Amino acid sequence: MTTLPVTRRDQLLDILRREGTVRVSDAATALGVTPVTVRRDITQLANDGLVRRVHGGATLLATADEEHFPTVATLGMVVPSLDYYWPGVLHGAREAATRLGVRVVLRGSSYAAQDDVRQVTGLVETVGVDGLLIAPALSGPGSAELLALLAGLDIPVVLMERTANAPPHQAPLESVVSDHALGAGIAVHHLAGLGHRRLGLACSALSPTRPKVRAGWLAACEELGLETALDLQVVSYRDPQWRTEVDRVLDACLASGTTALLVHSDPEAISLVERCAERGIRVPGQLSVVAYDDEVAGLAHPPLTAVRPPRHAVGRGAVELLASRLEEPDRPVHRVTVTPELMVRESTAPPT
């Protein structure tokens, strides 16, 4: 199985924490990769200010913040995906962990509560982590049991991109989240500023982000007096029915006179724009498109205007919040909200 760069660099940092200095050849053997790959990782870590390159290898940079944690704390981290959205969060978490002198043990889960339970149980009972970072499945089968498990742990927990209250007294759990509703509102204001009056929304039905994106889109449209001409839930682009689904969305746009569309997430937005080209629908001439997530939207043709959640800041903030809780157990509960930004590219323009 191929190791993702963000995970491999975490492993390389673990080696450096133990050894202080590592040779490229030794790290390549330990990680099961080529020396070229290790050199590339060392370059990235050096650019991040986490290591210093030396002849034939690298050495770990000491930081003043490590004095706060003379004994290395181990934080467990459970995310629902290792290949979409979450690598950016992991990168921010890794940066903060290195700066604070704590260790992060990563586990990949899914969007199913039973998988979260299995990973959390393993981290707590086998690894023995001192705190937990998690983006839990808060809907669907087993979600209530998962929340009860998190509430009953005797270690601090910080949620990432999720908010929840813990049973039985509904005490709030600490969290760091992107303000997805505000992100959708920023997209609506951008489109309204271009002169669009009839806006559409197409969101992946399975995304836990969809309710907040939709709420922000509706609120901004109401605030600006815009017509919500189209409000659709769609299947994932990986679904066998996607080809039929994307035509359904485009047919509805044409029938309703929709001139601008917010699409969550990037893969669906890119596929929709590709289908527009096949059908002769000009983007942005006839239809302006904004993607939500900005993982790969800039690589589309044309490059897509997109809302970019602050993934790096979420990961960094979650580690900092958990480290602060370990240092000061009795401080008030914190819930941190971070603002997305709009990346304006070539898929949005005034309606014609």
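Here are three short exercises on salt bridges in this predicted model, each with a worked solution.

**Exercise 1.** Find the distance between the closest N and O atoms of D115 and R118, and decide whether the pair counts as a salt bridge.

*Solution.* Start with the atoms: the closest N and O of D115 and R118 are 3.8 Å apart. The cut-off is within 4 Å, so the pair counts as a salt bridge. Next, place the two residues: both belong to helix α5 (residues 113-127), where 3 residues, about one turn of the helix, separate them. Finally, look at accessibility: D115 is partly exposed at 23%, and R118 is exposed at 51%.

**Exercise 2.** Work out which parts of the chain the pair R331 and E174 ties together, and whether each residue is buried or exposed.

*Solution.* First, the contact: a salt bridge joins the two side chains, with 3.0 Å from N to O. Then the location: R331 sits in the loop between α11 (311-327) and β16 (335-338), while E174 is in strand β10 (residues 174-178), so the bridge links parts 157 residues apart in sequence. Last, the surroundings: buried means under 20% relative accessible area. R331, at 8%, is therefore buried, and so is E174, at 5%.

**Exercise 3.** Describe the salt bridge between E245 and R248, then name the residues of the network formed by bridges that share partners.

*Solution.* Begin with the pair: the closest N and O atoms of E245 and R248 lie 3.0 Å apart. Both residues are in helix α9 (residues 242-256), 3 residues apart. E245 is buried at 11%, whereas R248 is partly exposed at 37%. Now the network: shared partners connect R243, D247, D251, R275, E278 and R279.

Key:
Residues numbered from 1 in each chain as written. Predicted model: local features only at pLDDT ≥ 70, side-chain atom pairs only at ≥ 80, totals over all residues. Heavy atoms only, no water. Helix = DSSP H or I, 4+ residues; strand = E, 2+ residues; numbered from the N terminus. Buried < 20%, exposed > 50% of the residue type's maximum accessible area, 1.4 Å probe, protein only.
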